[in-house]
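Colleague: Please take a close look at one part of this model for a first-year student. Start with a single residue and work outwards from there.

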Amino acid sequence: MGDLVSAVLFVCLGNICRSPLAEAALRAEAAARGLDLLVDSAGTAGWHHGKAPDPRAQAVALRHGIDISGYRARQVTAADFRRFSHIVALDADNLADLRGIAPADATARIGLLLDFVAGRAGQTVADPYYGDDAGFDVTWADVTAGARSIADAAQASG
Ligand code: 4NP
């Protein structure tokens, strides 16, 4: 993606499983490195607006020492495309949807989370919603790898 990484919005479908975990992982990574990054998450769909993350997502975050019970789901807005330097999709459907709704005056760079990770460009973070708890461990591993690489890019760009 290149360019200054200063404000990152993670986007999945419902904003209750994958993107809140990506938000949590990058917040933790930025705090550990003393990086001043704006971090948020949203969904392409508005179905879960105002809801806390899925209990299984809350549980996996808590297993890694992070409490995300206060997060609340929201839908992506047109303003997000100017407010964030980077809008990071969790999967290819989210990416296509974002490209479809991006307003003409969008300034954010739009791409896939795993594009930041060496050797994983083009890969997607699987939707764990209809699976079992183990799927959320895979999600956590993926978003943690992505968050580390985004933090690296932020340090390199800043
Ligand atoms: P997420 O997971 O996009 O990672 O938040 C999902 C959450 C809800 C649904 C699908 C995926 N849903 O169909 O309601």
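Modeller: N15 counts as buried because its relative accessibility is 3%; buried means under 20% relative accessible area, exposed means over 50%, and partly exposed is in between, with a 1.4 Å probe and protein chains only. This is a predicted model, in which local features need pLDDT of at least 70 and side-chain atom pairs count only at pLDDT 80 or more, while totals for chains, interfaces and linings use all residues. Residues are numbered from 1 along each chain as its sequence is written, and side-chain values use heavy atoms, with hydrogens and water left out.

N15 is placed in the loop between strand 1 (7–12) and helix 1 (18–33); helices (H or I, at least four residues) and strands (E, at least two) are DSSP runs numbered from the N terminus. The phi of N15 is positive, about 60°, although N15 is not a glycine. Most residues other than glycine have a negative phi.

N15 is also one of the residues around the ligand. The others in that list are C12, L13, G14, I16, C17, R18, W47, H48, D127, Y129 and Y130. To be listed, a residue needs a heavy atom within 4 Å of the ligand. Sorted by class, this shell holds seven nonpolar, three polar and two charged residues. In that scheme Ala, Val, Leu, Ile, Met, Phe, Trp, Tyr, Cys and Pro are nonpolar, Asp, Glu, Lys and Arg are charged, and the others, Gly among them, are polar.

Some of these neighbours come into polar contact with the ligand, meaning a pair of N or O atoms within 3.5 Å. For C17, a polar backbone atom is 2.9 Å from an oxygen atom of the ligand. For H48, an N or O atom of the side chain is 2.9 Å from a ligand oxygen. For D127, an N or O atom of the side chain is 3.4 Å from a ligand oxygen. Taken alone, the ligand exposes 350 Å², and the protein buries 93% of that. The space taken by the ligand is the largest pocket.

A few residues that are not in the ligand list can be described in the same terms. D80 is in helix 3 (residues 80–83), and D80 is buried because its relative accessible area is 3%. The side chain of D80 makes a polar contact of 2.9 Å with the side chain of R74. G43 belongs to strand 2 (residues 38–43) and counts as buried because its relative accessible area is 0%. From G43 to R33 the separation is 10 residues in sequence and 27 Å in space, C-alpha to C-alpha.

Helix 5 (residues 133–157) contains A147, which is buried at 1% relative accessibility. D132, in the loop between strand 4 (109–112) and helix 5, is exposed because its relative accessibility is 51%. H64 serves as a reference point for both: the C-alpha atom of A147 is 14 Å from that of H64, with their positions 83 residues apart along the chain, while D132 and H64 are 68 residues apart in sequence and 18 Å apart in space, C-alpha to C-alpha.

Methods. A polar contact is a pair of N or O atoms within 3.5 Å; within protein, one must be able to donate a hydrogen and the other to accept it, and residues adjacent in sequence count only if both atoms are side-chain atoms. Accessible areas come from the Shrake-Rupley method with a 1.4 Å probe; for residues, only the protein chains shown count as cover. On a 1 Å grid over the protein atoms alone, a cavity is a set of points where a 1.4 Å probe fits but cannot get out, and a pocket is an open set with protein on both sides within 12 Å along at least five of seven lines; lining residues have an atom within 4 Å of a point. A molecule sits in a cavity or pocket if more than half of its atoms lie within 2 Å of its grid points.
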